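This briefing addresses the packing and the charged pairs of one structure. Please consult the sequence and the model shown here.

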Amino acid sequence: MHIFRYEELNSCTAGDVVRLDKEESAHLFRTLRAEPGEKCRLMDGAGRFALAEVQAGKQVKILHLENAEPPIPPRLHMYIAPPRRQKMDQILRQAAELGVWRIVPMTTERSVALPDSDSINGRWKEVLFEACKQSGNPFLPQVAEPLKFAEALTDSALNCQVRFFGSVQQRKSDGPVSKPDAAAWFVGPEGGFSENEEQRMLDHGIQPLHFGNWTLRVETAAICGLCLIHEQFSV
């Protein structure tokens, strides 16, 4: 069953008749040629779903509302020095599919791009919503305002009990830890973190995560790290 974005589900009750936004409505009625009586699902990105029925006049009627179960810990926070647009879009899509809870863009010594608020609230949100709809992830990743690297270190310490960054040379020395409520994953720019930045992360208790002997592309490293952290705390 097709899923459509409708962010006002928190104010809806069964029986309400609503209109989707322009793009979602065009997909439902123009592309899919939906007819009255057909069923679809709506999601708001905050854990709410609705079963809906197509009505005349390009409207849909809410039949039933439900809340998704809260995500299983740890909630993943990805701190990333954004690469160029095409690569970042790929990372956003896959991060949403993997259930990343929060994305924090940051500037580093070798940063090549930094999104403005319009990009974050516009294109990034569109990409994330499409990935959530495709994968069935009910929770749209939160996107924070861009931070400087030093600010990201502080923010991660406040929000996450365990933190990691990718490293070819180093391996984490700590033993197993109990499942945290939140975990941070630091992803460097296309040129990688500088030696100074790696040392600062180590000094702040951020653990090196080794998952290969070769330097990976940023879009590969971002997703590999998320998967490994998921696996480490999956039990």
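The points below cover the nonpolar core, one strand and selected salt bridges.

The model is predicted: local features need pLDDT of at least 70, side-chain atom pairs count only at pLDDT 80 or more, and totals for chains, interfaces and linings use all residues. Residues are numbered from 1 along each chain as its sequence is written, and side-chain values use heavy atoms, leaving out hydrogens and water.

**Nonpolar core**
- The largest nonpolar core (buried Ala, Val, Leu, Ile, Met, Phe, Trp, Tyr and Cys residues joined through side-chain atoms within 4.5 Å) has 33 residues, of which Met78, Ile103, Trp185, Leu226 and Ile229 touch the most other members.
- Helix H3 (117-135) is among the elements that each supply at least two residues, and its seven residues form the largest share.
- Helices (H or I, at least four residues) and strands (E, at least two) are DSSP runs numbered from the N terminus.

**Strand S10 (162-166)**
- Four of the five residues of S10 are buried, meaning under 20% relative accessible area, with exposed over 50% and partly exposed in between (1.4 Å probe, protein chains only).
- S10 pairs in the parallel sense with S11 over four bridges and with S12 over three; pairing requires at least two DSSP bridges.
- Phe164 stands opposite Trp185 in S11, and Phe165 opposite Pro208 in S12.

**Salt bridges**
- Twelve salt bridges are present, each a side-chain nitrogen of Lys or Arg within 4 Å of a carboxyl oxygen of Asp or Glu.
- In the pair of Asp155 and Arg102, the closest N and O atoms are 2.9 Å apart; Asp155 is buried at 17%, as is Arg102 at 12%.
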